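The following exercises concern the packing of helices and strands in one chain. Please work through each task before reading its solution.

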Amino acid sequence: MRIPPYYRRPGWQRFLAGVIIGALIGWCIFLFQFGKVHEEMIVELGKNELHIEQLQRNLESLREREQEENNDDDFIIEEISIVFENEEESRLSELALYDIEQQATEELEHLLDQNLENVAENRELLVRTIENKRYLANDYEYNLIVHQITLYRTLELHVEIVPVSDD
């Protein structure tokens with residue numbers, strides 16, 4: 001018994017070439033989609049880890065506050081929120097923006113549970129603290145320029161991201 005010589009027929013040659021090329025294209029599409037999903041999962045995991053750390057610090061702060069049992073009706077800073085005004089123009093990834101936000105929040109973390117009047121008196125120092133620090137993300141340094149501060153139970157800062165120029 002002998003195997004028929006399909007390699008001599010052009011129809012079979014085209015079919016086998018199409019199968020091989022189709023398999024290669026399919027494998028490339030699979031690798032692209034897998035890489036994209038994997039990258040999204042890494043970003044989400046990084047965000048979740050940073051969020052968990054922040055929530056643990058907030059939990060410790062709330063436990064300390066509960067132990068102190070202040071029955072005062074004074075307003076205190078309970079949360080710090082940072083809003084980037086040029087988020088799209090800066091062309092930074094979500095993870096880089098989140099990292100810069102976390103670094104700035106850590107810089108202001110000492111203000112949590114502080115009296116609102118004390119923070120309002122020192123808002124110039126607060127602005128200088130944010131603007132004079134360099135924030136590292138993706139091996140580049142950035143500065144933040146504060147445009148607006150809103151003080152209430154949530155300290156809200158509207159900032160602009162500016163890359164540091166090497167002079």
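**Exercise 1: a helix pair**

The axes of helix α1 (residues 10–68) and helix α2 (residues 94–107) come within 10 Å and cross at roughly 15 degrees. The model is predicted, with local features requiring pLDDT of at least 70 and side-chain atom pairs pLDDT 80 or more, while totals for chains, interfaces and linings use all residues. Residues are numbered from 1 along each chain as its sequence is written, and side-chain values use heavy atoms, with hydrogens and water left out.

Task: Determine how α1 and α2 are oriented to each other, and which residues of α1 meet α2.

Solution.
1. Axes are lines fitted to C-alpha atoms, for helices over the stretch in contact, and angles run from 0 to 180 degrees between N-to-C directions.
2. Angles under 35 degrees count as roughly parallel; α1 and α2 are therefore roughly parallel to each other.
3. Val-43, Gly-46, Lys-47, Leu-50, His-51, Gln-54 and Arg-57 of α1 are in contact (heavy atoms within 4.5 Å) with α2 residues Glu-94, Leu-95, Tyr-98, Gln-102, Thr-105 and Glu-106.
4. By class, this contact has four nonpolar, five polar and four charged residues. Ala, Val, Leu, Ile, Met, Phe, Trp, Tyr, Cys and Pro count as nonpolar, Asp, Glu, Lys and Arg as charged, and the others, Gly among them, as polar.

**Exercise 2: the sheet**

Task: State the order of the strands and identify which strands stand at the edges.

Solution.
1. Helices (H or I, at least four residues) and strands (E, at least two) are DSSP runs, numbered from the N terminus.
2. Four strands form an open sheet of mixed pairing, in the order β1-β4-β3-β2; two strands pair if DSSP finds at least two bridges between them.
3. β1 and β2 (135–137) are at the edges with a single partner strand each, so one side of each lacks a neighbour in the sheet.
4. β1 and strand β4 (residues 154–163) run parallel and are joined by six bridges. Within β4, Leu-155 is the bridge partner of Ile-80, and Val-159 stands opposite Phe-84.

**Exercise 3: one residue of α2**

Task: Is Asp-99 buried, partly exposed or exposed, and which residues does Asp-99 touch?

Solution.
1. Asp-99 lies in helix α2, which lies across β1, β2, β3 (140–150) and β4.
2. Buried means under 20% relative accessible area, exposed over 50%, and partly exposed in between (1.4 Å probe, protein chains only); at 27%, Asp-99 therefore counts as partly exposed.
3. Not counting residues up to four places away in sequence, Asp-99 touches Leu-136 and Ala-137.
4. Leu-136 is 37 residues from Asp-99 in sequence and 8.4 Å away in space, C-alpha to C-alpha.

Terms used. Parallel < 35°, antiparallel > 145°, perpendicular 65-115°, else oblique.
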